[in-house]
Amino acid sequence: MSNPRILIIGAGYGGMITTVNLAKELSPDDADITLVNKHNYHYQTTWLHEAAAGTIHHDRTRMLIKNVINTNRVHFVQDSVVKIDKDNKKVILKNGELSYDYLVVGLGFESNTFGIKGLSEHAFSIRSVNTARKIREHIEYKFASYNNDPDAKDSDLTLVVGGAGLSGVEFLGELVDRIPGLCREYDIDQNKVKIIDVEGMPMVLPPFERDLAEYAQRYLESKGVIFKLGTFIKEATPDGVFVQKKDAEKMEEIKAGTVVWTGGVKASHIPADSGFKTNRGKIPVTDDLRAPDDDHVFAVGDVAVVFPAEGKRPYPPTAQIAVQEGELVARNLKHLIKGEPTEKFVYKKRGTVASLGNHQGIGVVYDKKLKGKPAAAMKKVIDDRYLLELGGVGLMLRKGKLNFL
Ligand code: FAD
Ligand code: NAD
């Protein structure tokens, strides 16, 4: 009899951890393993706000997949998934198709613009190495042009960030680190630069501990960030954005050379378009992380949604949960192949830490609150811990952050 074929689609946190662990848990006689990803590299999504602001080079966030997985054990295919044909157990790719006995869907997230006019066309979003690189280059171009282009306007030096969730606040932290250097490089008076954050809720970091969120807000304001709270982005145009304060009658225009939307994410459109049962586009996985309507399909990361035993709100989409799901899916696939019962997913919430640039941060780790430099250091520990799990000490030393402390 031929080996069962395991196919993993998407080399994000969930897909990579599933693949690396499967390669360790199953021998070549147990199963064939194939990983598909649209790029030949894996990137750290959780570092993209840094690459977007230009505080780190985007190459620091990515690594070639062949340098992390054992390509003698795992067959890697660089291609884009177009659709999952679950009835025929096939995945349709841009350049072909692959059959599977077990599928792991780890296609991650897309930016959610909620249908706001002009956002997809005129605002950037931080979602991949390519989009982060585009943001960095655009900002740099605006600064480089300011003293050279006769049509340059002061508003070219205004940056608007839409949303003050964790992505928005972390990006603002990087911008305030980066702007002084850009001003020096392009001979620009820093007083001419405006960084404006527009957040619909009346506070920054709505779901976070209030004292820590206020610390983040005060720190960013001390570095020049202007917060427009209780204000929604209503439209983006080539010249900036239109915003409206809650209960205000009229919209206000903010002219800006750069608009970065961090107002929300949604799951990859592929599971819903392929006919899977979804909840707001995500697969509401069973206890052992399978699709409720297909025993042969597992889902990990931002395409999956897990509800706690108590409470109606699902766990938020994070790298932290994606990694834990990947670990369990690898074990459950091994159990299925060995004819053993599968295990249930139990999420271990370790906490949340947000950076505010290189030297500042806020966070809660195992119920202990952190702010300032200890939080910034903890964020680097978390980043390096993932690299250690993914590729061992070698990868951590090559790509990690702690040697930059
Ligand atoms: P992703 O990381 O989204 O990766 C999906 C992979 O699939 C990518 O490699 C992509 O190229 C590939 N792919 C997508 N579509 C296709 C296709 N059609 N064909 C082939 N390949 C495809 N979470 C935390 O826990 N801590 C943090 O500090 C943190 N910081 C963040 C900072 C930012 C700026 C952002 C945007 C998010 C952050 N998050 C953080 C959330 C976290 O990044 C996501 O929850 C996590 O990346 C989800 O992982 P994933 O495995 O689902 O897939
Ligand atoms: P989010 O949904 O958490 O935050 C989006 C913010 O945008 C919200 O505060 C919302 O009120 C605001 N918003 C929405 N529409 C708006 C509008 N029209 N005008 C103005 N403001 C508007 O999205 P995110 O910050 O990208 O986070 C996505 C996921 O990634 C979350 O699960 C988060 O926990 C995770 N994440 C974690 C970290 C970390 O752990 N350090 C960092 C970044 C992201």
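This report walks through a predicted model of a protein with two ligands, looking at its domains, its ligand shells and one loop residue.

## Two domains

Let's start with the big picture. The chain is split into two parts: domain 1 covers 5-38 + 79-111 + 266-340, while domain 2 covers 113-263 + 349-405. Each domain is pieced together from separate stretches of the chain, as those ranges show.

How far apart are the centres of domain 1 and domain 2? Going by C-alpha atoms, the distance is 30 Å. Where the domains meet, domain 1 puts 12 residues into the contact and domain 2 puts in 11.

## Ligand 1 and its surroundings

Now for ligand 1. Around it sit 31 residues, and the nearest of them are Gly14, Thr45, Val81, Asp302 and Ala319. Sorted by character, this shell has 11 nonpolar, 15 polar and 5 charged residues.

Some backbone atoms pair up with ligand 1. Lys38 has a polar backbone atom 3.2 Å from a nitrogen atom of ligand 1. For Pro317, a backbone N or O atom is 3.3 Å from an oxygen atom of ligand 1, and for Phe109 a backbone N or O atom is 3.5 Å from an oxygen atom of this ligand. On its own, ligand 1 would expose 1000 Å², and the protein buries 89% of that.

## Where the ligand 1 shell comes from

Which helices each supply at least two residues of the shell around ligand 1? They are helix H1 (13-25), helix H5 (166-185) and helix H8 (319-337). H8 gives the most, with 3 residues.

Why does ligand 1 lie between the two domains? Domain 1 and domain 2 both give residues to its shell, so ligand 1 ends up between them.

## Ligand 2 and its surroundings

Ligand 2 has 26 residues around it, with Ser167, Glu199, Ile233, Pro317 and Val353 the closest. By character, the shell splits into 13 nonpolar, 10 polar and 3 charged residues. Both domains take part here too: domain 1 and domain 2 each provide at least three residues of the shell around ligand 2.

Let's zoom in on a few atom pairs. A side-chain N or O atom of Glu199 is 2.6 Å from an oxygen atom of ligand 2. The side chain of Ser167 has an N or O atom 2.8 Å from an oxygen atom of ligand 2. With Val353, it's a polar backbone atom that lies 2.8 Å from a nitrogen atom of the ligand. Taken alone, ligand 2 exposes 840 Å², of which the protein buries 77%. Two or more residues of this shell come from each of H5, strand S13 (194-199), strand S15 (231-237) and strand S24 (351-355).

## A look at Ala152

Finally, here's a single residue to find in the structure. Ala152 belongs to the loop that runs between helix H4 (129-146) and strand S12 (158-162). Is Ala152 buried, partly exposed or exposed? Its relative accessible area is 23%, and buried means under 20% while exposed means over 50%, so Ala152 counts as partly exposed.

Which residues does Ala152 touch, once its neighbours within four places in sequence are left aside? The contacts are Ser145 and Tyr146. You can also trace the spacing from Ala152 to Lys142: these residues are 10 apart along the chain, and their C-alpha atoms are 8.5 Å apart.

Definitions and conventions. Residues are numbered from 1 along each chain as its sequence is written. Chains are lettered from A and ligands numbered from 1 in the order in which they are written. This is a predicted model: local features need pLDDT of at least 70, side-chain atom pairs count only at pLDDT 80 or more; totals for chains, interfaces and linings use all residues. Side-chain values use heavy atoms; hydrogens and water are left out. Helices (H or I, at least four residues) and strands (E, at least two) are DSSP runs, numbered from the N terminus. Buried means under 20% relative accessible area, exposed over 50%, partly exposed in between (1.4 Å probe, protein chains only). Contact means heavy atoms within 4.5 Å. A residue is near a molecule or strand if one of its heavy atoms lies within 4 Å of it. A polar contact is a pair of N or O atoms within 3.5 Å; within protein, one must be able to donate a hydrogen and the other to accept it, and residues adjacent in sequence count only if both atoms are side-chain atoms. Accessible areas come from the Shrake-Rupley method with a 1.4 Å probe; for residues, only the protein chains shown count as cover. Ala, Val, Leu, Ile, Met, Phe, Trp, Tyr, Cys and Pro count as nonpolar, Asp, Glu, Lys and Arg as charged, and the others, Gly among them, as polar. Domain bounds come from an automatic or database domain assignment.
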